[in-house]
Amino acid sequence: VKLDSAPSELRDLRAYLKRVQGATERLRTKIDGLVRLSRVGQRMPEPQLNDLDAAIRAAIEGRADELAARGIAMRVGLEAPEVWCDPQHLEQVLENLIGNSIRYGCGGSERAIEVVSRHVDADWVELGVNDKGPGVPAADAERIFGLFERLPNQAEGTGVGLALVRHVATRYGGQAWV
């Protein structure tokens, strides 16, 4: 049946089904995020020494199509090339931080994301993901780390990613901030 020749009831039904499919996909994404968040809290694995450059390259590789489609360049500058943590936790943190920069930080003329690390002291490494996006208003800087919290202008995302990033950071005695 051609859509333009279908009765209006059929067109309405198709539109309704499309909305239901979209809502179902959004709910599935939120549930997946909650499952990932809950797994971080279930166990505290033995930290391992991770090659930060390899972990970042893997995260970039996983987003290569999206980066190319949006014309975003990636830069990596590592003063601290290794970090002690669970590899899965590191992967989750990188995935969420890079994903947020892709979605919200590359709307201007400079379409680049930089992932950097530096030694804070002998025991701590600071990992940063920088972009030229609009930033986060100071009033929202803490709120966005809450579960399901997003800025009003953020159409994409579930509001789980930064909550997961902060949860992982605090599990290791660290911090997450903007």
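Buried means under 20% relative accessible area, exposed means over 50%, and partly exposed lies in between. The model is predicted.

**Exercise 1. Place S117 and decide: is S117 buried or exposed?**

Step 1. Locate the residue. S117 belongs to strand β4.

Step 2. Apply the cut-off. The relative accessibility of S117 is 5%. Buried means under 20%, so S117 counts as buried.

Step 3. List the surroundings. Neighbours within four places in sequence are left aside. S117 then contacts L52, G77, L78, E79, A80, V125, E126 and L127.

Step 4. Find the residue across the strand pair. L78 stands opposite S117 in β4.

**Exercise 2. Work out the sheet: what is the order of its 3 strands?**

Step 1. Read the order. The sheet is open and runs β2-β4-β5, with mixed pairing.

Step 2. Find the edges. β2 (73-78) and β5 (125-131) each have a single partner strand, so one side of each has no neighbour in the sheet.

Step 3. Take the twist. Ignoring direction, neighbouring strands are turned by 10° against each other on average.

Step 4. Check one pair. β2 and β4 (residues 112-119) run parallel and are joined by 6 bridges.

Step 5. Add the helices. Helix α2 (residues 52-62) packs on the sheet and touches β2, β4 and β5. The direction of α2 makes about 170° with that of β2. Helix α4 (residues 87-104) lies across β2, β4 and β5, at about 25° to β5.

**Exercise 3. Sort the side chains of strand β3: which are buried and which are not?**

Step 1. Recall the pattern. In a regular strand, side chains alternate between the two faces of the sheet.

Step 2. Apply the pattern to β3 (residues 82-85). V83 and C85 point to one face and are buried. E82 and W84 point to the other and are not buried.

Step 3. Find the partner. β3 runs antiparallel to strand β1 (residues 48-51), with 4 bridges between them. L49 stands opposite W84 in β3.

**Exercise 4. Trace the salt bridges: how many does the structure hold?**

Step 1. Recall the principle. Side chains of opposite charge can pair when their charged atoms come close.

Step 2. Take the total. There are 7 salt bridges in the structure.

Step 3. Look at E95 and R63. Their side chains meet in a salt bridge, 2.6 Å from N to O. E95 is in helix α4, while R63 is in the loop between α2 and α3, 32 residues apart. E95 is partly exposed at 34% relative accessibility. R63 is buried at 11%.

Step 4. Look at R118 and E126. Their closest N and O atoms are 3.1 Å apart. R118 is partly exposed at 37%, and E126 is partly exposed at 25%.

Step 5. Look at R166 and E142. Their closest N and O atoms are 2.8 Å apart. R166 lies in helix α5 and E142 in the loop between β5 and α5, so this pair ties together parts 24 residues apart in sequence. E142 counts as exposed, at 53%.

Step 6. Join bridges that share partners. R63, E66, R70 and E95 form one network.

**Exercise 5. Examine helix α5: which residues are buried?**

Step 1. Read along α5 (residues 161-171). G161, L162, A163, L164, V165, V168 and A169 are buried.

Step 2. Turn to R166. The charged end of R166 sits over the ring of F145, 4.0 Å from the ring centre.

Step 3. Search for ring pairs. The whole structure has 0 aromatic pairs.

Step 4. Go past the helix. G173 follows α5 and has a positive phi, near 80°.

Terms used
Residues numbered from 1 in each chain as written. Predicted model: local features only at pLDDT ≥ 70, side-chain atom pairs only at ≥ 80, totals over all residues. Heavy atoms only, no water. Buried < 20%, exposed > 50% of the residue type's maximum accessible area, 1.4 Å probe, protein only. Helix = DSSP H or I, 4+ residues; strand = E, 2+ residues; numbered from the N terminus. Pairing = 2+ DSSP bridges. Phe/Tyr/Trp six-rings, centres within 6.5 Å; stacked < 30°, edge-to-face > 60°. Lys NZ or Arg CZ within 6 Å of the ring centre and 35° of its normal. Axes fitted to C-alpha atoms, helices over the stretch in contact; angles between N-to-C directions. Contact = heavy atoms within 4.5 Å. Salt bridge = Lys/Arg side-chain N within 4 Å of Asp/Glu carboxyl O.
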